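Grab a coffee and open the viewer. Here are a few short exercises, each with a worked solution.

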Amino acid sequence: MNIEELVGRLAQDAAPVKPAPHPFMLSLAWVGGAALYLALSLWITGLRPDVAQKLHEPWFVAELVLLLLIFVATSLSAAVLAFPDLHQMRKTALAPAGMFALFMVFMFFSWRADVPPAPLPVHSFRCTVYILLFSLLPAAWTFFSMRRFASTHERWAGSIALLSAFSIGALWMRLHEINDSIIHVILWHYLPMLAIGLFGWWLGRRLLKW
């Protein structure tokens, strides 16, 4: 058997390889799945009774929009980070940093505008626990998908993936819980993102290493 025949036989015997999706398509699948999951969860748990009134408040609407943008930016960044060469989209991978910075500035002004301060709810850390529980399914799906693409930035990818899942959980909580205390929201909805990012940094090394 000569070289040409060998190459031809190997090509015939080789199984077809499905091309990897573009990061835009990969993130679109995650965003679409999370949107369906959010809608189903809100249908089961219910929207906050005053949601129609709250949607006329600019600060509340802006907070929801920024949370949604964070979720989209982190989903796209996680999809880029799933590929070993970042799909030549390094700036896209860094997009969540700008969104988080904008969100921090917004929450500072939102806190300054909360005069007189809305009363604190009687509970505290339960919101963080509920957001974490809500985030488990999208986090597992994202990690499972990312493992197929051999990331070389596994710590960074793990951190962004968990922040993406947590942001959709935070969005669910704001649409479900009757709570107008900005202090409570900052302390128990958003500050835990720091710990989540660090945990994802550790988890990415263990689950995305290849």
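The exercises below go from the whole fold down to two single residues, in what is a predicted model.

**Exercise 1.** Work out which secondary structure elements the protein has, and how they are ordered along the sequence.

*Solution.* Start with the count: there are 10 helices and 0 strands. Then walk along the sequence, and the pattern reads α-α-α-α-α-α-α-α-α-α. For the overall dimensions, the C-alpha atoms fill a box of roughly 85 × 30 × 25 Å along the principal axes.

**Exercise 2.** Decide whether L175 is buried or exposed, and find what it touches.

*Solution.* First place the residue: L175 sits in helix α8, which covers residues 154–176. Next, check the relative accessible area, which is 13%; the cut-off for buried is under 20%, so L175 counts as buried. Now skip residues up to four places away in sequence and list the contacts: L42, G46, L47, R48, V51 and L64. Finally, try a distance: K54 is 121 residues from L175 in sequence, yet their C-alpha atoms are 9.6 Å apart in space.

**Exercise 3.** Do the same for S77: find its helix, its burial and its contacts.

*Solution.* S77 belongs to helix α4, residues 58–81. Its relative accessible area is 0%, so S77 is buried. Leaving out neighbours within four places in sequence, S77 is in contact with T92, A93, P96 and I160.

**Exercise 4.** Say what share of the protein's residues is buried.

*Solution.* Take the 210 residues of the protein: 44% of them are buried. For the surface, the accessible area is about 12,000 Å², with 73% belonging to carbon and sulfur atoms.

Methods
Residues numbered from 1 in each chain as written. Predicted model: local features only at pLDDT ≥ 70, side-chain atom pairs only at ≥ 80, totals over all residues. Heavy atoms only, no water. Helix = DSSP H or I, 4+ residues; strand = E, 2+ residues; numbered from the N terminus. Buried < 20%, exposed > 50% of the residue type's maximum accessible area, 1.4 Å probe, protein only. Contact = heavy atoms within 4.5 Å. Areas by Shrake-Rupley, 256 points an atom, 1.4 Å probe, with all protein chains shown as cover.
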